[in-house]
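Subject: Handing over the model

Hi there,

Here is the structure I promised to pass on to you. Please open it alongside this email, and my notes follow below.

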Amino acid sequence: HSRESTRENRRRLFVGNIPKDLTKDDFKTQMETQAPGITAVDFLQDPENPTRNRGFAFVEYVDHPTAEKARRAMLQAGLSLVGRNVVTVNWADPVLEPGEEIMANVKAVYVRGVTEYTTEEILRAHFAQFGEIDKIMIPITPPGQRRRDYAFVHYLDKEAAHKAASTAKQILLEGGNEIEVSLAKPMDKKTKNELKER
C-alpha cells in the first residue's frame, strides 16, 4: 500500500469538541446541512452516562473527495454545533490515528534524528529539562541492518511529555544535532519488539 492509496481511501473524519449533551440525531442533521454526503456516523455515548456523548464522533463519507470537501467546509466555517462549541476536525485513520483521548494521556515522546553518537545520557541530559524521566528506549540494530534514527523518552507524567513535544524542532544540548520531537503514538507489537530497554 502506498501512502497515496491510503489517502485516497480516506473517507472517515474525526470530529471532536462536540457538545456533550448533543444527541446522535441532532449531530447527524447538523452535519448533513453543513457537510453533506455522509454514509455513516459513529457517535460514541458516554459509558457512565447514556444521555451524554463522549465529545467526539467519526463520520464516514461516500468517497474521499466528498470527505475532503466536508473537512474543508468545516475548517473554513469554524463549524460550531448548536452554535456553541467550535468542533475540531481531522482525518480519522482508524489504523494510524489513535483517538484524541488516548493522545491526551500519552507520557512519552518520539525523537527523530538520533545518531550513533547520541547516547542515553545525552538524551537524558536534554529531556530532563521538561520533567522527570521514567525511562529512555533506543532501538537495538540487528547486525547488518541500517541503524534506526529514533528513540522514545518516557516521562512520569503526561504534562512533561506534552511540554517536551510542544517544540517540534530542537537542538540537542550535547552533540548539537537537530532532533524532531513529537508525542509518541501508542506502539504496536512490532515496534515494541524492536525496542528494548537498555
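Leaving aside its neighbours within four places in sequence, I38 is in contact with M31, E32, V59, E60 and Y61. Please keep in mind that this is a predicted model. I38 sits in strand β2, which covers residues 38-46. Is I38 buried or exposed? Its relative accessible area is 13%, and since the cut-off for buried is under 20%, I38 counts as buried. You can also check I38 against T66: their C-alpha atoms are separated by 8.7 Å, and the two residues are 28 apart along the chain.

Next, the sheet. You will find an open sheet of five strands in the order β8-β9-β7-β11-β10, with antiparallel pairing. Its edge strands are β8 (133-137) and β10 (169-171), each of which pairs on one side only. On average, neighbouring strands of this sheet are turned by 30° against each other, direction ignored. For one pairing in detail, take β7 (residues 108-112) and β9 (residues 150-155), which run antiparallel and share five bridges. Within that pairing, A108 stands opposite H154 in β9.

Helix α5 goes with this sheet. The helix spans residues 120-127 and lies across β7, β8, β9, β10 and β11 (178-183), at about 140° to β8. Which residues of α5 are buried? They are E120, I122, L123, H126 and F127. These residues are on the same side of α5, because they cover an arc of only 160° around the axis. The cover over the buried residues of α5 includes β7, β8, β9, β10 and β11, along with α6 (158-164).

Now to the charged side chains. How many salt bridges are there? The count comes to six, and here are three of them in turn.

One is within α5, where R124 and E120 meet at 3.2 Å, N to O. R124 and E120 are four residues apart in the helix, so about one helical turn separates them. R124 has a relative accessible area of 33% and is therefore partly exposed, whereas E120 is among the buried residues of α5.

Another joins the side chains of K169 and E180, again with 3.2 Å from N to O. This pair links distant parts of the chain, with K169 in strand β10 and E180 in strand β11, 11 residues apart. K169 is partly exposed at 47% relative accessibility. E180 is also partly exposed, with a relative accessible area of 41%.

The third is the salt bridge between E68 and R71, whose closest N and O atoms are 3.2 Å apart. Both E68 and R71 are buried. They are three residues apart in helix α3 (residues 64-77), which means that about one helical turn separates them. If you set up charges here, note that R72 belongs to the picture as well: salt bridges that share partners join E68, R71 and R72 into one network.

Last, the aromatic rings. The structure holds eight aromatic pairs. F14, F56 and F58 form one aromatic cluster.

Happy to talk any of this through once you have had a look.

Best wishes

Key. Residues are numbered from 1 along each chain as its sequence is written. This is a predicted model: local features need pLDDT of at least 70, side-chain atom pairs count only at pLDDT 80 or more; totals for chains, interfaces and linings use all residues. Side-chain values use heavy atoms; hydrogens and water are left out. Two strands pair if DSSP finds at least two bridges between them. Helices (H or I, at least four residues) and strands (E, at least two) are DSSP runs, numbered from the N terminus. Axes are lines fitted to C-alpha atoms, for helices over the stretch in contact, and angles run from 0 to 180 degrees between N-to-C directions. Contact means heavy atoms within 4.5 Å. A salt bridge is a side-chain nitrogen of Lys or Arg within 4 Å of a carboxyl oxygen of Asp or Glu. Buried means under 20% relative accessible area, exposed over 50%, partly exposed in between (1.4 Å probe, protein chains only). The arc is that of the directions from the helix axis to the C-beta atoms. Rings of Phe, Tyr and Trp (its six-membered ring) pair if their centres lie within 6.5 Å; planes under 30 degrees apart count as stacked, over 60 as edge-to-face and the rest as tilted.
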